[in-house]
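Thanks for coming. I have one structure to walk through today, so please look at it while I talk.

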Amino acid sequence: MTVSSTNTPTLADRIEDVLPQTQCTKCGYQGCRPYAEAIAAAQAGINQCPPGGAEGVARLAALTGQKVIPINPVNGMERPRAVAYIDEALCIGCTLCIQACPVDAIVGAAKQMHTIVPDLCTGCDLCVNPCPVDCIVMYPVTETTGWDAWSQPLADAARERHDFRAQRLRRDAEENDARLAAKAVAKMKAVDALDPATAADEAEKERKRAIIAAAMERARLKKEAAQQEQQQAPQDKAAKENKPE
């Protein structure tokens, strides 16, 4: 369970705990946590989660004190749980489905055949549209729908994989930025070491320095913006948590 820094579950924490964690974005938000925060802030309805179905709405209604209402058809309909399947004979190994999967349920490598790990798939179907060769289909694996086709242990495991993936992607981005920054510093040193023989060579040296300096400044501003966003996030969260329910 996600909890605030005071170890006291907020309304958003409690809402997130009753969502199915399929991370399908059908609610209109980029995952279950953003949707939970939107409900807690009275910015989203409790009927926007098709995977949770009618029971999911009832759970959210009991938690928030709102009336039970039907699933909003704009977000989709309650349906049997499905699992993605890749036609391996058609797969071209583009990795777009791997990039789209929010819970790391797809195994494969660039230009190699991909495959779904059925036990890890949440049925979000986010991998279907990115596939350029239409080799992914969703197969129903239950006759029941909503939470009757899902379980809390499955939801907990899906959330853990989703959070781990998000941390990995953040770490990879930071490491890539660090590599690029080191490469830029090395290039600047190499340019500074040049000894121009003519005015034209001097102008070319300054042109290269300007290009590298501009790239380094963009990287600095990007890093600064990311740090400010990280610093602002706890404040925004605290403001939402302190908002009267």
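**One chain, from its loops to its long helix**

Let me start just after helix H2: Ala42 follows H2 and has a positive phi, near 60 degrees. Helices here are DSSP runs of H or I with at least four residues, strands are runs of E with at least two, and both are numbered from the N terminus. Most residues other than glycine have a negative phi.

Before going on, some ground rules. This is a predicted model, where local features need pLDDT of at least 70 and side-chain atom pairs count only at pLDDT 80 or more, while totals for chains, interfaces and linings use all residues. Residues are numbered from 1 along each chain as its sequence is written, and side-chain values use heavy atoms, with hydrogens and water left out.

Now the whole chain. Six helices and four strands make it up, and from the N terminus on their order is α-α-α-β-α-β-β-β-α-α. The radius of gyration, taken over C-alpha atoms, is 24 Å, well over the 18 Å that the globule rule gives for 245 residues, so the chain is more spread out than a compact globule. That rule is 2.2 Å times the number of residues to the power 0.38. Along the principal axes, the C-alpha atoms fill a box of roughly 80 × 55 × 30 Å. Of the 245 residues, 31% are buried, where buried means under 20% relative accessible area, exposed means over 50%, and partly exposed is in between, with a 1.4 Å probe and protein chains only.

Back to positive phi values. Gln21, in the loop between helix H1 (11–17) and helix H2 (32–40), has a phi near 65 degrees. Gln21 is buried, with a relative accessible area of 1%. Thr95 has a phi near 75 degrees and is found in the loop between strand S1 (80–86) and helix H4 (96–100). Thr95 is buried as well, at 16%.

Gln23 is also in the loop between H1 and H2. Is Gln23 buried or exposed? Gln23 is buried, with a relative accessible area of 3%. Leaving aside neighbours within four places in sequence, Gln23 is in contact, meaning heavy atoms within 4.5 Å, with Gly31, Cys32, Pro102, Val103, Cys124, Leu126 and His162. One of those partners, Cys32, is among the buried residues of H2, including Arg33 and Tyr35.

Gln23 also leads us to the long helix. Gln23 and Ala155 are 132 residues apart in sequence and 9.9 Å apart in space, C-alpha to C-alpha. Ala155 is one of the buried residues in H5, and Arg159, Arg161 and Arg165 are among the others. Helix H5 covers residues 152–192, 41 in number, and reaches 60 Å from its first C-alpha to its last. That is close to the 60 Å expected at 1.5 Å a residue, the rule being 1.5 Å times one less than the number of residues.

Last, a pocket. A pocket is an open set of points on a 1 Å grid over the protein atoms alone, where a 1.4 Å probe fits, with protein on both sides within 12 Å along at least five of seven lines; lining residues have an atom within 4 Å of a point. The second largest pocket is lined by 21 residues, with Glu174, Asp177, Ala178, Ala219 and Lys223 nearest its centre. Two elements, H5 and helix H6 (199–242), give two or more residues to that lining. H5 supplies the largest share, 11 residues.
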